[in-house]
Amino acid sequence: MAVATTKLDILNLALQACGASRVGSTHDSSLAEEADFCYSHLKRGELRQNGWAFARKRKLLPASSVVPDFGFATAFPLPTDCIRIIKPVRQNLDWFLEVHETQLCILTNQDSAPAQLKYIWDATENLFDPLFCEMLAYRIGWHIAEKVTQSNSKRDAIKDMYVAFRREARRVNGFEKIPDKEPVSEWLTGQQVGSFAGVDFVNE
């Protein structure tokens with residue numbers, strides 16, 4: 001489960017993975033500054049790649065006051081902390097992501113305001129799972145390893161550790177995640193009730 005982790009903790013784990021000394025701040029060494037420089041980008045990339053339980057969030061989205069020019073009835077601007085949306089498990093969902101009025105929005109004809117959104121947010125370090133912390137640390141270590149170690153074998157070893165922690169973090173996250181209920185397909189429903197009226201098999 002989550003522990004009291006800070007950004008500096010993760011950066012120090014990355015430095016240790018490269019064989020460098022820990023620091024008290026990101027300005028204590030050039031290596032710490034290198035790790036700090038890539039931290040936010042790599043953190044957001046790792047959050048986006050998986051539906052981490054600790055980073056799941058939900059919000060009611062108000063509709064934009066400006067209607068899309070054509071094709072859709074409503075636009076819902078995404079939250080500023082949104083890393084990745086979790087699409088509802090729903091048949092024939094017509095959500096479409098597109099920039100509208102300079103903001104990334106959900107364009108749709110189905111949902112009336114407010115729209116219900118589940119998403120992965122740019123979570124703070126105090127919520128991170130311990131396995132995610134180690135995975136991210138080795139990801140940063142792999143990124144800066146060549147400059148720190150000048151050793152391809154050391155860089156590859158750090159990469160292997162990153163891959164191992166990523167696999168384990170995703171495995172544990174998968175066990176803890178409660179999946180949404182799968183919808184019953186129109187085709188299966190038609191079989192059960194003995195009617196296929198209104199079912200478009202071309203688009204199924």
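**Notebook: sheets, helices and aromatic pairs**

I began with strand 4 and strand 5 (residues 103-108), which run antiparallel and are joined by five bridges. I worked on a predicted model, in which local features need pLDDT of at least 70 and side-chain atom pairs count only at pLDDT 80 or more, while totals for chains, interfaces and linings use all residues. Residues are numbered from 1 along each chain as its sequence is written, and side-chain values use heavy atoms, with hydrogens and water left out.

I took strands (E, at least two residues) and helices (H or I, at least four residues) as DSSP runs, numbered from the N terminus. I counted two strands as paired if DSSP finds at least two bridges between them.

**Entry 1: the sheet with strands 2, 5 and 4**

I looked up a residue pair between strand 4 and strand 5: Val-99 has Leu-104 as its bridge partner in strand 5. The two strands form a hairpin with two residues between them. In the turn I noted Glu-101, with a positive phi of about 55°.

I then followed strand 5 to its pairing with strand 2, which is antiparallel over four bridges. Here Phe-76 has Ile-106 as its bridge partner in strand 5. The result is an open sheet of three strands in the order 2-5-4, with antiparallel pairing. Strand 2 and strand 4 stand at the edges with a single partner strand each, so each has one side without a neighbour in the sheet. I recorded an average twist of 40° from one strand to the next; angles run from 0 to 180 degrees between N-to-C directions, and axes are lines fitted to C-alpha atoms, for helices over the stretch in contact.

**Entry 2: Leu-104**

I returned to Leu-104, which lies in strand 5. Leu-104 is partly exposed, at 43% relative accessible area. I used these classes: buried under 20% relative accessible area, exposed over 50%, partly exposed in between (1.4 Å probe, protein chains only).

Which residues does Leu-104 contact, leaving aside its neighbours within four places in sequence? I found Phe-76, Pro-77, Leu-78, Leu-97, Glu-98 and Val-99, where contact means heavy atoms within 4.5 Å. I also looked up Pro-79, which is 25 residues from Leu-104 in sequence and 9.0 Å from it in space, C-alpha to C-alpha.

**Entry 3: the sheet with strands 1, 6 and 3**

I found an open sheet of three strands in the order 1-6-3, with antiparallel pairing. Its edges are strand 1 and strand 3 (82-86), each with a single partner strand, so one side of each has no neighbour in the sheet. From one strand to the next, the twist averages 40°.

Strand 1 and strand 6 (residues 115-121) run antiparallel and are joined by six bridges. I noted Gln-116 in strand 6 as the bridge partner of Leu-60. Helix 2 (residues 30-48) lies across strand 3 and strand 6, and runs at about 5° to strand 3.

**Entry 4: helix 1**

Which residues of helix 1 (residues 7-17) are buried? I listed Ile-10, Leu-11, Asn-12, Ala-14, Leu-15 and Ala-17. Their cover includes helix 2, helix 3 (130-149) and helix 4 (152-176). After helix 1 comes Gly-19, with a positive phi near 85°.

**Entry 5: aromatic rings**

I searched the whole structure and found eight aromatic pairs. Rings of Phe, Tyr and Trp (its six-membered ring) pair if their centres lie within 6.5 Å; planes under 30 degrees apart count as stacked, over 60 as edge-to-face and the rest as tilted.

One of these pairs is Phe-72 with Phe-96, stacked at 6.0 Å centre to centre with 15° between the planes. The pair links distant parts of the chain, 24 residues apart: Phe-72 in the loop between strand 1 (56-61) and strand 2 (74-77), and Phe-96 in strand 4 (residues 96-100). Phe-72 is partly exposed at 22% relative accessible area, and Phe-96 is partly exposed at 42%.

I next looked up Phe-128 and Phe-132, an edge-to-face pair at 4.9 Å centre to centre with 70° between the planes. Phe-128 is buried at 0% relative accessible area, and Phe-132 is buried at 0%. Trp-52, Phe-54, Phe-128 and Phe-132 form one aromatic cluster.

**Entry 6: charges over rings**

I counted a charge as over a ring if NZ of Lys or CZ of Arg is within 6 Å of the ring centre and within 35 degrees of the ring normal. Lys-57 lies over the face of Trp-121, at 4.3 Å from the ring centre. Arg-139 lies over the face of Tyr-162, at 5.9 Å from the ring centre.
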